[in-house]
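Biologist: Please take a close look at the surface near the DNA, and then follow the parts that build it into the rest of the model.

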Amino acid sequence: MPVFALVDCNNFYASCEKLFNPRLLNRPVVVLSNNDGCVVARSAEVKALGIPMGVPWFKLKDDARRHGILAFSSNYALYADMSNRVVEVLSAFSPNIEVYSIDESFLELSGFENSPGGLAGYGSEMRQRIADWLGLAVCVGIAPTKTLSKLANHCAKKNFAGVDGVCDFTTIPPDDLTKLFGKIEVGEVWGVGRKITAGLGAMGIYTVSQLRDSNAETIRARFSVVVERTVRELRGVSCIDLQEVVPDKQQIMSSRSFGQLIYDRAGLEHAVATYIAKAAEKLRAQDSLAGAVQVHIRTNIFKPEAPQYQRAITVPLPEATSDTRVLTLWALSVLRRIYRAGYGYHKAGVMLSNIVPRGSRQFSLFNTGGGAGLDCSEKLMTAVDNINQRYGRGAVRLAAEGVEKDWQMRRGNLSPKYTTDWAGLPVVRAK
DNA sequence: TCTGGGGTCCTAGGACCC
DNA sequence: TCTGGGGTCCTAGGACCC
């Protein structure tokens, strides 16, 4: 029987900010989404104030002033680097690890049952080492299925089982587990979102134990095979395997709200070209080609009083490619088709799809010797990627991206790249 | 003034094939 | 009077996750 651990960093983004800035100790800290839009991470102090996740920051300004809340713009360079360090530490605890998100990993732990202190002891060791080596707090949930390990992690965070940061379902007697599940709302279960919670409520299912003991066939008929799988996982039947190898992306998206509205087509062209460059870079990084490009543009949906317009078009390409120049030409031609003058645009984005590995390229029927041109294109793109990797994104780029990017997102309070940039290195002064 | 971004999986329904 | 059966592929839309 498999045993999974889910290791989840506490208040990850907010914790990363606190890590290198001693003035933030015991202060309420939030991290904002792109454009300094919504609250996407909260420190323990902020949670204690009852401020919910996802609220727009501008609606919190009064609260923030009153409670001295400090807000930071998202610093993904910092969070990604700290995330990699956490994974590196965890990798020593199991040969089988799935990096599930920037702050969560699943570990397969079968075979470690006999370590001192059992699995819970092993989990405590992980916790301790990450605290010692990185200064970050994590919680560990241990159980025979991934869904249950997520739930165990939830219990560890809430201190439900009276444990300190580690919760091991495998050693809790079945009756106690049932009692515990009777106290947890069904919406806490991994895979049960808002709609399904409402649907289950209509069937009289409100708690985790009720869902676990419901009829799997009925659940499948009413919802889908996905929810049925969740029910079985809650019963301890492992249906979702550890995914150790990250599969190639099937679609790559790049989109952003603008720091200020764009009215003219030129501005949108610059944005779309910029997003294509970013998406194409990701595409090449996984050694793939895209067979279709989508472009979408939209006005600000939060201002219904202003004239609204949105449109998206996908075009299939005659030949799959990863050449930024080719992708940009197609994207701009789509943009010309969907652009309408007279609107204030708030957001644009591109999506690359029909993605195939570079090795399985299908040439167009009328390609008359793309061989040499292809070779040239690949060399050029590799050179561009190398230069940009060394000197920073956008060091070389297409003129189509424009120069004055005054529409770029707002990041009013960005902390330094403490760990990935010499200029951001924290300085310690002796008194 | 101010409201994120990037994904996956599943299902239903339509087009089409023999 | 009476109009099959078994399939694949694609797309759009809806659900979920962080």
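**The surface near DNA strand B**

Modeller: A backbone N or O atom of S257 lies 2.5 Å from a phosphate oxygen of DNA strand B; this is a polar contact, meaning a pair of N or O atoms within 3.5 Å (within protein, one atom must be able to donate a hydrogen and the other to accept it, and residues adjacent in sequence count only if both atoms are side-chain atoms). The model is predicted, so local features need pLDDT of at least 70 and side-chain atom pairs count only at pLDDT 80 or more, while totals for chains, interfaces and linings use all residues. Residues are numbered from 1 along each chain as its sequence is written, chains are lettered from A and ligands numbered from 1 in the order in which they are written, and side-chain values use heavy atoms, without hydrogens and water.

Two side chains also reach phosphate oxygens of DNA strand B through an N or O atom: Q250 at 3.2 Å and K347 at 3.1 Å. Three elements give two or more residues each to the surface near the strand: α11 (225-234), β9 (252-262) and β12 (345-353). Such helices (H or I, at least four residues) and strands (E, at least two) are DSSP runs, numbered from the N terminus. The most comes from β9, with six residues.

In total, 24 residues surround DNA strand B, and the closest are S33, M253, S255, R256 and S257. Of the DNA atoms that come within 4 Å of the protein, 74% belong to sugar and phosphate. A residue counts as near if one of its heavy atoms lies within 4 Å of the strand. By class, this surface has eight nonpolar, nine polar and seven charged residues. Here Ala, Val, Leu, Ile, Met, Phe, Trp, Tyr, Cys and Pro are nonpolar, Asp, Glu, Lys and Arg are charged, and the others, Gly among them, are polar.

The largest nonpolar core has 32 residues, of which F258, V272, V293 and L352 touch the most other members. Both β9 and β12 are among the elements that supply at least two residues each to this core, but α12 gives the most, with eight. A nonpolar core is a set of buried Ala, Val, Leu, Ile, Met, Phe, Trp, Tyr and Cys residues joined through side-chain atoms within 4.5 Å. Buried means under 20% relative accessible area, exposed over 50%, and partly exposed in between (1.4 Å probe, protein chains only). In soluble globular proteins, nonpolar side chains tend to be buried together.

Take V272 as an example: leaving aside residues up to four places away in sequence, V272 touches V295, A331, L332, L335, A348 and V350. Contact here means heavy atoms within 4.5 Å. Apart from this core lies another, of 31 residues, including V7, F12, C16 and L107.

One further strand is β2 (residues 29-32), where V29 and V31 on one side and V30 and L32 on the other are all buried, which leaves both faces covered. In a regular strand the side chains alternate between the two faces of the sheet. Four bridges join β2 to β4 (residues 70-73), and these two run parallel. With β3 (residues 39-42), β2 has three bridges and runs antiparallel. Two strands pair if DSSP finds at least two bridges between them. The hairpin of β2 and β3 has six residues in between, and N35 in its turn has a positive phi of about 65°.
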